[in-house]
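This report walks through the interior of one protein model, from a single cysteine to cavities, cores and selected loop positions. Please keep the sequence and the structure at hand while reading.

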Amino acid sequence: MSGRVGDLSPKQVEALEKLREAVKDILTPSHDEHCLLRWLRAREFDVKKTETMMRNDVVWRQQVGADTIIEDWAVPEVVEKYYTGGLFGQDKEGALLWIDPFGHIDLKGICRSVKKRDIIKSKIHLLETIYRKFAQLTKEQGRPVDQITCLFDLENFGRRHLWKPGADLFCEMVELFEDHYPETQKTCFVINAPTIFPVVYNIVKPFLNEGTAKKVHVLGSNYKDVLKKYIDADQLPIHWGGTACDDNGDPKCSSKICFGGEVPESYYLKMQSSESLNFKEVLVKRGSTVQLDFDIKVAGSGLRWQFTTEGFDLGFGVYRRTENGVRQKAGDMEEVIPTQRVNSHMVPEDGFYTCTEPGVYVLRFDNTYSWARSKQVLYSVEVLVPDDTGATKVWKEVGQADAAIVNGTDT
């Protein structure tokens, strides 16, 4: 059975009812039967795993402001102009068609022009826009429209696209897509794949669940004939074998599909000195860690950070102490953002976290994997507290926060 409405086995029906009961405290009008089944399919109808996934998603959506991101936040101009891809039509079964000439993207240029968190927010903005489009078309067409067929064109894709910060960012976005917009991808066609594609796919594949990985199809030189089996000609630009074109005759339909290109240096963020940015410095010794403690008094306060390292990467994560007044090992603290190695020597690392409850939060720099080199870190951390009115989207900046710095090894 497919696990979709009208095609459920008795066990799948039972799982649906158990899930509905388990998560009744977080259900909203948008959690209809189609939606719940989408989450269940993503976890192979394991009710416990699905419940955990859905509850994690509720917390995440509050953290990033996903419900109102379209109204509250504007996508940076450089992302609008140079991040490849665009929606174009529907496939024969009604799924939206996303066409992405990814081989033309300049990830390095984009990363040098806008903060990493804003690139990620732009993808959340896009996905929320797509989900609103789903709801609109479902109502207009009288059939469920809740998935995307992706067409990735890798013409011009080369080794420059393997630049590690860009590759890591792409993998992070894939993971976000899997965790918070499950079963959105119906199928993914890859065309004009270069000889290095197996290397690229092996980088991305660990972030895909098994079901998503099975939806990826690499097509050969006859891809136009294959695409026509799934997509009507008038729903596909001439450039990829269809009959559609822009009003000006453009066969690539560039008015709807961004073709990227090299980002002009005029967009690059100007690098300022650590003094002008009011950065502080800390040395993370070889084989060691540094913990920055921030005592958050007000629930709903935000931590905003930015840091860079000199010459080499570094591990970074955020934790909450379970016992105050003593240095705790990472494994003994509540994990807020898991530690992972970041390329902060190539692109400044930045982020934001909403502290849902008071406590001592720890920004942790991890250099335990390096026994040869210490790492110099330039960092800035700000604490933002909710406005006195209690408005959830209004923050009062209290300036750069002073941290209690704890050095040592905590693994």
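Does Cys 171 count as buried or exposed? The model is a predicted one, and in it Cys 171 counts as buried, because its relative accessibility is 3%.

## Cysteines

The count of disulfides in this model comes to zero. Cys 171 is in no disulfide, and the nearest cysteine sulfur, which belongs to Cys 111, is 12 Å away.

Cys 253 can be considered in the same way. The closest cysteine sulfur to that of Cys 253 is in Cys 245, at 6.3 Å, and this is too far for a bond, because a disulfide calls for two cysteine sulfur atoms within 2.5 Å. Cys 253 is buried as well, with a relative accessible area of 0%.

## The largest cavity

Rolling a probe the size of a water molecule over the atoms shows where empty space is left. Two cavities of 30 Å³ or more are found in this structure, and the largest has a volume of about 810 Å³. Its lining is made up of 35 residues, and those that lie nearest the centre of the cavity are Asp 100, Phe 152, Phe 170, Val 174 and Gln 185. By class, the lining of the largest cavity divides into 29 nonpolar, four polar and two charged residues.

Several elements contribute to this lining. At least two residues each come from strand 2 (96-100), helix 7 (116-141), strand 3 (148-153), helix 8 (164-180), strand 4 (185-191) and helix 9 (197-204). Of these, helix 8 gives the most to the lining of the largest cavity, with eight residues.

## The second largest cavity

The second largest cavity holds about 30 Å³ of space. Its lining consists of Phe 177, Glu 178, Tyr 181, Pro 182, Glu 183, Thr 184, Gln 185, Thr 212 and Lys 215, and these residues divide by class into three nonpolar, three polar and three charged. Gln 185 thus appears in the lining of the second largest cavity and also among the residues nearest the centre of the largest one.

## Nonpolar cores

In soluble globular proteins, nonpolar side chains tend to be buried together. In this model the largest nonpolar core has 50 residues, and the most contacts inside it are made by Tyr 83, Phe 102, Ile 110, Ile 119, Ile 124, Leu 176 and Tyr 181. Two or more residues of this core come from each of helix 5 (77-82), strand 2, helix 6 (107-111), helix 7, strand 3, helix 8, strand 4 and helix 9. Helix 7 gives the most to this core, with seven residues.

Leu 176 offers a view of the packing: leaving aside residues up to four places away in sequence, Leu 176 touches Trp 60, Ile 120, Ile 124, Leu 127 and Tyr 181. Apart from this largest core lies another core, of 24 residues, which includes Ile 296, Trp 305, Val 336 and Tyr 361.

## Gly 315 and Thr 84

Gly 315 has its place in strand 9 (residues 314-320) and counts as buried, at 1% relative accessibility. Residues up to four places away in sequence not being counted, Gly 315 touches Thr 339, Gln 340, Arg 341, Arg 364, Phe 365, Asp 366 and Tyr 369. Gly 315 and Tyr 369 are 54 residues apart along the chain, while their C-alpha atoms are separated by 8.7 Å.

Thr 84 lies in the loop between helix 5 and strand 1 (86-90), yet Thr 84 is buried, with a relative accessible area of 1%. Apart from residues up to four places away in sequence, Thr 84 touches Trp 98, Asp 100, Pro 101, Phe 102, His 104, Ile 105, Cys 258, Phe 259 and Gly 260. From C-alpha to C-alpha, Thr 84 and Arg 112 are 16 Å apart in space, with their positions 28 residues apart in sequence numbering.

## Loop residues with positive phi

Which loop holds Glu 44? Glu 44 lies between helix 2 (33-42) and helix 3 (47-64), and its phi is near 50 degrees, a positive value in a residue other than glycine. Glu 44 is exposed, with a relative accessible area of 67%.

Asn 192 lies in the loop between strand 4 and helix 9. Phi of Asn 192 is near 55 degrees, again a positive value in a residue other than glycine, and Asn 192 counts as partly exposed at 34% relative accessibility.

Note on methods
Residues numbered from 1 in each chain as written. Predicted model: local features only at pLDDT ≥ 70, side-chain atom pairs only at ≥ 80, totals over all residues. Heavy atoms only, no water. 1 Å grid on protein atoms, 1.4 Å probe; cavity = no way out; pocket = protein on both sides within 12 Å on 5 of 7 lines; lining within 4 Å. Points joined across faces, edges and corners; volume = space filled by probe spheres on them. Helix = DSSP H or I, 4+ residues; strand = E, 2+ residues; numbered from the N terminus. Nonpolar A, V, L, I, M, F, W, Y, C, P; charged D, E, K, R; others polar. Core = buried A, V, L, I, M, F, W, Y, C linked by side-chain atoms within 4.5 Å. Buried < 20%, exposed > 50% of the residue type's maximum accessible area, 1.4 Å probe, protein only. Contact = heavy atoms within 4.5 Å.
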